Each structure stands twice: as structure tokens, then as C-alpha cells.
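This report covers two single residues and the contact between two chains. The structure is shown first, and the description follows.

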Amino acid sequence: MIKPLSQWSPIALNTLNWVVMFGSVALCALALPLRLPGMELTGIGPNWLLIWVVAWSIKRTALQAVWAGIALGFIQDGLTAPYPTHALGLALVGFLTARLQKQRYLEEDFISVALIVFGMAVIAETIMALQFSLLNSPSAPPLAEIWLHHQQAALSSAILSSLWAPAVYYPLNLWWERLNWLEQQS
Amino acid sequence: MYSLNRWWDRYRLQLSLALLGLATAWFMRHTHSAGLIELYRLITLPFQADQTQQERLINARTWELEQQLAELEIQNQKLQALIDQPIVAQGKGTVVPVIGRSADHWWQQMTLGRGRQDGLKIGAVVTAPGGLVGRITQVSDHTSRVLLISDPTSRIGVTISRSRRMGVLRGQAGDRAIIEFYEKDPDARPGDGIVTSSLSSLFPPGLLIGRVESVDLTKTSNPHAIVKLSAPVSDIEWVTVYLDDQTSKSVVSDSP
């Protein structure tokens, strides 16, 4: 039998926390190339890594959030192409989420998390579009097309990501709250 | 000094783990997440490609054959007129399952379930029922990544198969692409078949790409036509990869 979490040693708890973190990031990254029915809108799926960054950053410092954004951005770069980088957008998303005065303006619930994800998805896509616009290479697409695609990508991504946000946020938040509680007990 | 020591004792673990995490992510970026995408292939193995959407594929294939026939007839005429023109050899292809789509909203990519171990190489040409799909830009041991022709950064020299006029095709995400012509009157009509041109350096000539949907010649500085790509990319579950050196060149750049 597995012992209840409250009897685990702090080191074991910490290890489990890192396993949960890396495991959830891996799951989000693996979900990116997947397109299941109900998970796509005009060929665009939810941005799972962005949802993870928001879930991570909500109760953490700006520095931790930016670090997570950069790391997950690098992973997404690896899965697509490294230039322009996704790390910039996700780092900004983490920073803004961490700095949001949530206790003042927003309640801690699914609706507000979905709202934050909606806004952050638009910001992340905008950063990508800006980077594409600033590339000066002969094969870069023309500005008008980039921003037309940006509208479509930002809207679809924002809608889908915010709808799927609770699926990532709920279990992670539950785990981190539980962990916090256990640490305060001991 | 004492406070520094205390700080170090307190944050040592967190700091080293944070650095480890960042280093892992950087490593994945450099290896193009090969390990991760291999794991993805293993997990999705039971769900890969079934026999659905056959009919659409057959329709597309029929249309492709019709267009190929028209293309060959015209080529034949030209060859007869110009007897020393070299004849294009048809390569041998391998059929490969599609296991994933683009991992973001900007790159139009596809992940295939075969890789280096099966002889796939960077630059290999990928086709599907309906015509050209793209070319391989990344390979790992058992997976490979395809940059689709619908990606906005991919440019292909194309020919209108009826009038033999040339242009440059640029992807527009989704199943549309745009052709920019060099001449003011390119003689293109809706319904015309579009094939890769003999001037294309990345693709062999004569591969079907799509059909002209609308032509806009109102701007004399920028005559262009919208093309509907004939391979139904979002439904494709199997593609054919051409391996021989004659039909592929390893001229590949990752950045746009």
C-alpha cells in the first residue's frame, strides 16, 4: 500500500513535485501535434504549453514565471522551428500572469483562469506575428498576410486554449495547493 | 559572507534544478525535440491511420491522374518537337503514416511515423493522393518532420499545365496558396491544373499541386492567382515519400 501523502518525507514530496512538473510539461508538449475531434478550429489546436505557463505563473513570482516561459518556449521551438522563437512570447505571458493583481481584480476560479488564458493566447500570437514581421529575409511572407493569419490564429487559439485551460489548471492547482498545505503542516 | 552562505544553503537545490530544467529545454531545442517526438510516436502508435475518408482520397487521386495525363500529353508533344530534351524519370516511393500536425499556429508542418532508420532523408519529396504535399526538413530515428507547401515560407516554382506559363507559388496556410506571375498576362483560367516547374530546385518537375480557383490581374504590378491545393492535407493519413536522389535535393533551411 502507498502511504498517505502526509506521512511522506519532505525529500520524497519534493521529488514527486518535480515528477509531476516534468510529467505535466511532457504531456502538454506531446498534446501539441495531436488533433482530436473537438480539439481543433480551422486546423488550429489549443496551445497546451501556454496553458501550462499560465497555470504555473498564477501563484508564483515573475522570475519563476519568466523562467518557465523560456524553458517551455524552447521546447516548442524544438517541436516546430527555432526562428522566430516561441520563448519570447511565453516568457512575456508568464511575466504578465505573475504580475496580474489577481487577488484585487479576479477571483481564483476556472472562469478567471480561462479569461487570463484567452488574453495571454492573443498576446503570445501577437509576439509571434511581430517577430515574423521584423524578420527581413526574402522568403518571409508579406506583412498583410502575416497579420491576416494572426487574426485567425489568435482568435482560434484563444478560444480553444481558454476552453481547455481547466483541464490543465485544475489538476495542477489541486496538486500545488495540496503540497503547500502539507509543507505548512510539517 | 555568512548571509551568502545561508542563501546558498537555502536555494542551492532550487537553483540547480532550475538550471537543469533550462538546460534540458535548451538541449531539446537544439536536438529539435527528437526524443519527445519519438515518445509521441510510441504513445500514438495504437491510434495511427485507419481506413476512413477513402472516397475523398480516391476522388483526389482520380483528378490527379487526369491532370497527370494531360501534363504528360503536353510534355510528349513538346518532347517530340524538341527531341534532345531529357526525359523525367519517375522515382520509387515509400508509403509512410502521418502521426502528427503542426505544434504551433504559424508553421504548417506534419510529423511522419518513419525516419532515418527507414531510409528517409532531409529534402525528400512528400506526396499524397492528390499531389505534392511538401518536403522533409527534419529526421530522427523513427520520425520525420515535413514542411508543407501550404506554409507561408515555402516557395515553389510552378507552371500552369495548359499554357506552360511560369510563376512562384507561396503557401497561405490551410488549403490555399497564391501564385505570383512574372508576366502581365499569364494566361491562367479558373480550373487550370498547376504543376511544379522544371526550374524548381527543391522539387522534381511535373508534380501536381492544385487547381486555379480565381485569377486577379487588375493590379498590373502584381498579377496573381489563388490556387486550391489538390491534396486534402487535413485528411491525409498516409503519404508517399520519394527517396531517390533524382527527385530530391538536400537544400534545406530551417529559417524562413
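## A loop residue of chain B

In this predicted model, B:Gly174 lies in the loop of chain B that joins β7 (166-171) to β8 (176-181). Is B:Gly174 buried or exposed? B:Gly174 counts as partly exposed because its relative accessibility is 45%, a value that lies between the cut-offs of 20% for buried and 50% for exposed. Once residues up to four places away in sequence are set aside, B:Gly174 touches B:Gln108, B:Ser150 and B:Leu229. The C-alpha atoms of B:Gly174 and B:Asp151 are 8.4 Å apart in space, and the two residues are 23 residues apart in sequence.

## A helix residue of chain A

A:Ser57 belongs to helix α2 of chain A, which covers residues 48-57. With a relative accessible area of 0%, A:Ser57 is buried, since buried means under 20%. Apart from neighbours within four places in sequence, the residues in contact with A:Ser57 are A:Ala65, A:Gly94, A:Thr97 and A:Ala98.

The two residues are set side by side below.

| Residue | Element | Relative accessible area | Class |
|---|---|---|---|
| B:Gly174 | loop between β7 and β8 of chain B | 45% | partly exposed |
| A:Ser57 | helix α2 of chain A | 0% | buried |

## The contact between the chains

Chain A gives 46 residues to the contact, and chain B gives 38 residues. Between them, the two chains bury about 3600 Å², of which 67% is on carbon and sulfur atoms. On the chain A side, the residues that lose the most area to chain B are A:Leu30, A:Pro33 and A:Phe74, which together make up 17% of what that side buries.

How many salt bridges are there between chain A and chain B? The count is two. A salt bridge joins the side chains of A:Glu145 and B:Arg170, at 2.2 Å from N to O. Polar contacts between chain A and chain B amount to 18 residue pairs, with both residues at pLDDT 80 or more.

Which elements give two or more residues to the side of chain A that touches chain B? They are α1 (10-31), α3 (62-79), α6 (110-134) and α7 (143-185) of chain A. Of that side, α3(A) supplies the largest share, nine residues. Sorted by class, the side of chain A that touches chain B holds 29 nonpolar, 13 polar and four charged residues.

Notes:
Residues numbered from 1 in each chain as written. Chains lettered and ligands numbered in written order. Predicted model: local features only at pLDDT ≥ 70, side-chain atom pairs only at ≥ 80, totals over all residues. Heavy atoms only, no water. Helix = DSSP H or I, 4+ residues; strand = E, 2+ residues; numbered from the N terminus. Buried < 20%, exposed > 50% of the residue type's maximum accessible area, 1.4 Å probe, protein only. Contact = heavy atoms within 4.5 Å. Buried area = accessible area lost by both parts, 1.4 Å probe. Salt bridge = Lys/Arg side-chain N within 4 Å of Asp/Glu carboxyl O. Polar contact = N/O pair within 3.5 Å; in protein donor to acceptor, adjacent residues only side chain to side chain. Nonpolar A, V, L, I, M, F, W, Y, C, P; charged D, E, K, R; others polar.
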